[in-house]
Amino acid sequence: MKTRRRTPYILGLMVLLVGIRTLFALGAQGPLFHGGEETDLDLAPWERVSDLDELNPKTREKAELFLKACQDQGLEVVIVETYRSQERQDYLYAQGRTREGPVVTWTKKSRHTQRCAFDICKAGPDPYGDDDFFRRCAEIGRDLGLNPGYYWEGTQDKPHFQYDKTWGL
């Protein structure tokens, strides 16, 4: 009889311990950018970060407004990258130069490393092939005070959006 009464307590304790273990495991991946406290993630340079919480608070706010406005317009947007460490930016810069693959960035100084930029794609089978999708997203981003790479002259970057503190205010 005593063992039956203890069973719910033991199960509850096990669930609690698994929950605590999960929290510590998530913490081991590196703290996020919460409450103005900036810390680095422990990621390999080929790993992307797409968490909006990794953006600075104002850029995150703009990104959330952007996603909502796109959804309201029927645009299925996926955030594919937010914060980049300098190590990742250097890794991407090397692609097509000292490492195989097509060139994917033209700068070693990206607004991604400052937590002020995010990249998008279209949900579905052709994530980067719909120019009208990127044009419509760029219009929405510009209206919200973002600087869309779609409008850049010289080196257009359709998936890129950044918040420049002096741009769009």
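Four strands make up an open sheet, arranged in the order E1-E2-E4-E3 with antiparallel pairing, and the description that follows refers throughout to a predicted model. The edges of this sheet are strand E1 and strand E3 (147-148), each of which pairs on one side only. At the E3 edge, the pairing with E4 runs in the antiparallel sense and extends over two bridges; in this part of the sheet, Pro-148 has Phe-161 of E4 as its bridge partner. Helix H4, which covers residues 131-143, packs on the sheet and touches E1, E2, E3 and E4, while its direction makes about 145 degrees with that of E2.

From the sheet one can turn to the open space at the protein's surface, where the largest pocket has a volume of about 460 Å³. Its lining consists of 23 residues, and those that lie nearest the centre of the pocket are Arg-84, Val-104, Thr-105, Asp-119 and Asp-157. Strand E1 (77-81), helix H3 and strand E4 (160-162) are the elements that give two or more residues to this lining, and H3 provides the largest share, with three residues. Sorted by class, the lining of the largest pocket comprises seven nonpolar, eight polar and eight charged residues.

The structure also contains enclosed space, in the form of one cavity of 30 Å³ or more. About 90 Å³ of space lies in the largest cavity, which is lined by 11 residues, with Leu-43, Val-49, Tyr-83, Ser-85 and Arg-88 closest to its centre. The lining of this largest cavity divides into six nonpolar residues, one polar residue and four charged residues.

A last point concerns the backbone at a single position, in the loop between helix H3 (86-94) and strand E2 (117-122), where Arg-115 is found. Most residues other than glycine have a negative phi. Arg-115, although not a glycine, has a positive phi of about 65 degrees. Is this loop residue buried or exposed? With a relative accessible area of 1%, Arg-115 falls under the 20% cut-off, and therefore Arg-115 counts as buried. Arg-115 thus joins a positive phi with a buried position, in a loop that leads from helix H3 to strand E2, the strand that stands between E1 and E4 in the order of the sheet.

Note on methods
Residues numbered from 1 in each chain as written. Predicted model: local features only at pLDDT ≥ 70, side-chain atom pairs only at ≥ 80, totals over all residues. Heavy atoms only, no water. 1 Å grid on protein atoms, 1.4 Å probe; cavity = no way out; pocket = protein on both sides within 12 Å on 5 of 7 lines; lining within 4 Å. Points joined across faces, edges and corners; volume = space filled by probe spheres on them. Nonpolar A, V, L, I, M, F, W, Y, C, P; charged D, E, K, R; others polar. Buried < 20%, exposed > 50% of the residue type's maximum accessible area, 1.4 Å probe, protein only. Pairing = 2+ DSSP bridges. Contact = heavy atoms within 4.5 Å. Axes fitted to C-alpha atoms, helices over the stretch in contact; angles between N-to-C directions.
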